Structure formats: C-alpha cells, structure tokens
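Me: I am new to this structure and would like to go through it step by step. Could we take one element at a time, with the reasoning spelled out?

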Amino acid sequence: MATRLIHPATTDLARPDGDPSGPTVRVRGLRRAFGDHVVLDDLDLDIAPGELVALLGRSGSGKSTLLRTLAGLDPVTEGTAEIDGTVSVAFQEPRLFPWRRVADNVALALRSGSRASRRQRARETLDEVGLGDKHDVWPVTLSGGQAQRASLARALVSAPGLLLLDEPFSALDALTRIEMHDLVLALWREHRPAVLLVTHDVDETLKLADRVLVVDGGRIRHESRVDVDRPRDPAALHELRTELLAVLGVHEGAEPDPAALDRTTSRPRPQERAS
Ligand SMILES: Nc1ncnc2c1ncn2[C@@H]1O[C@H](COP(=O)(O)OP(=O)(O)OP(=O)(O)O)[C@@H](O)[C@H]1O
C-alpha cells in the first residue's frame, strides 16, 4: 500500500473525495511501527465536522501516536490520513514560551494578518477562555489551570477545523479539571471544531464526548455513542461507564491493578487523595 499523509499545512485540500459533506478526518489502513514494534495496525477512523470524539486506551496502546500522526508530527508507516482544514494541538503541558508574554504566545499561532490584528485576535481569544486580565503577563506567573487555558486559546485562535487534545487536563487538580471541562464544552459549542480528545478518564469521556473510541492492539476496537447535546440519563450513563471499563479490562469491585486504574478511570490518584 502506498504511504501517503495528506496534511493541511502542506496541501490545500478539499474535503476527502471532494465531498462537501465528507468527514474532517479520514484514516484508512494506518500502520505505524517503531522498528519491529507495531503500534498502529490497519487502523480506520472517521471524524465528522464538528464532532467531539474521545479516544481511550490502555497505556502504550498508541493514542498519542495516532494524535501525533494526525497533527503531522509523526510519519505514517503505511496507509492514509486525510484531514480537511487546519489542525491545532494542545498537550498535557501548556508548552508556552516563557520569554513571550501570554498574548504573544497566543498570537504566535496566527500566520496571517498584521501584527496588530494578530494581537487583537489573541486578546479576544484570551478573553474567551477567561484570561482577560492576563494578556500582558509572563507565562511563569500563571497557575497550572491558567496556563492550560492559555494553551487552549493558542490552539483555538486560528479557528482550526480539527482540534487535537492530548490529555490536556490530566495534570490539573480535580476542581480545575471540572472547570476546564465546562470551558472546553462551551468553546466547542461556540466554535464547533471537530475534536479528538485523548484521555485515560472514562468519566471525562462521558461528560465531553459525542462518541467514545477505545484503541487496542493497534486498532479501534470499540465505539460508544454518547451525544453530548442530549440531556443525560444517569442510568444509561452508568451502563455506558460500566461497558467502557469492561472494554478497558477494568472490573470495579475486583482486586484493582493500581497502575491500570490510575490510567483508565477518573478515580483520584494518590497525590490527589493526599491533598
Ligand atoms: N518515538 C518512539 N520510538 C519508539 N517507540 C515509541 C516512540 N513513540 C512511541 N513509542 C511506543 O509506541 C507505543 C505507543 O505509545 P503512545 O505514546 O502512542 O501510547 P499511549 O496510548 O499514548 O500511551 P500513554 O497512555 O501511556 O500516554 C509505546 O509502546 C511507546 O513506547
């Protein structure tokens, strides 16, 4: 199979197949190996415009590799990954440049327009994420949650068609994480990019995602629909949660594997329990 990565940074691409109602992401037969270690193997994935998809999977299952591939940061070994529109990524660490003020960090994500207009858009986006009073401060003065808000602003300022979120909340304390969930949902409802959220947290997926995917053995092995816009039926959510935990091999009530639990559920991790 020919190796082909179509990436919007280098290709002015219509929707895959030129279909105006086509997906924002279409991955077919994706394979990625590191030497003999096959991480992604014949993986297929579609993400519709404006869809919020969460990707769960055990540690080492290839979630970040898939995300990096879609971001154009990692090459495809085999298969195709087509993306319609521009892509932005926010990582677990905010990755702000410490020598640039917060608004300049955000403006750096914009490639077109005058310096003044880029700064203006950066400021407006910072206002949207609740950092209206932090435009001109240095990143080192931000709290962890504020820095992650700035990182989200930097990802959103270019109005991407696809927003890739790689465990963006996992380093935050529980309360800040809840605030960030609400913020991401509000921003998504306002701007409606397609989103792929990589996370270990089943409850986070149930709160945020339209669709939850589980990657295992190099492929998408499980798919659940949640529909984030519908009122949640607690019984249905509980059933879905149990189903996802079972797919991940976590059985509540059984003797837990602490490493697996820390990585696959939203139970407090030891450092959170202590605080
Ligand atoms: N640059 C690399 N060189 C060699 N092996 C790599 C490289 N990047 C990732 N891997 C391997 O690929 C596998 C998948 O890694 P990846 O980070 O995608 O998993 P993950 O599901 O995101 O894991 P986690 O949940 O722990 O973040 C792992 O076994 C990892 O060691």
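Me: In which sense do strand β4 and strand β9 pair, parallel or antiparallel?

Reply: This is a predicted model, and in it strand β4 covers residues 52-56 while strand β9 covers residues 211-216. Leu-55 of β4 has Leu-213 as its bridge partner in β9, and Leu-56 has Val-214. The two strands are joined over four bridges, and the sense of their pairing is parallel.

Me: Which strand, at residues 194-198, also pairs with β4?

Reply: Besides its pairing with β9, β4 takes part in a parallel pairing over four bridges with a strand at residues 194-198. Within this pairing, Ala-54 stands opposite Leu-197. The strand asked for is β8.

Me: What is the order of the strands in the open sheet?

Reply: The open sheet has six strands with mixed pairing, and β4 stands between β8 and β9 in it. Its edge strands, each pairing on one side only, are β6 at residues 87-90 and β10 at residues 219-225. Neighbouring strands are turned against each other by 20 degrees on average, direction ignored. Read from one edge to the other, the order is β6-β7-β8-β4-β9-β10.

Me: Which helix packs on the sheet and touches β4, β9 and β10?

Reply: Helix α4, at residues 144-156, packs on the sheet but touches β6 and β7, and its direction makes about 170 degrees with that of β6. A helix at residues 234-247 touches β4, β9 and β10, and its direction makes about 170 degrees with that of β10. The helix that answers the question is therefore, by the contacts counted within 7 Å between C-beta atoms, helix α7.

Me: How many of the residues of β4 are buried?

Reply: Leu-52, Ala-54 and Leu-56 point one way from β4, whereas Val-53 and Leu-55 point the other way, and all of these are buried. The strand is thus described as mostly covered, and the number of its residues that are buried is five of five.

Me: Where in the protein chain is confidence lowest, and where is it highest?

Reply: The mean pLDDT of the protein chain is 82, and 81% of its residues reach 70 or more. Over residues 1-18 the pLDDT is below 50, although this stretch has 32 contacts in the model beyond near neighbours in sequence; residues 255-275 are also below 50, with 26 such contacts. Confidence is lowest in strand β1 (residues 3-5), at a mean of 33, and highest, at 96, in helix α2 (residues 102-107).

Note on methods: Residues numbered from 1 in each chain as written. Predicted model: local features only at pLDDT ≥ 70, side-chain atom pairs only at ≥ 80, totals over all residues. Pairing = 2+ DSSP bridges. Axes fitted to C-alpha atoms, helices over the stretch in contact; angles between N-to-C directions. Contact = placed C-beta atoms within 7 Å. pLDDT = per-residue confidence, 0-100. Buried ≥ 20, exposed ≤ 12 C-beta atoms within 10 Å, placed from the backbone.
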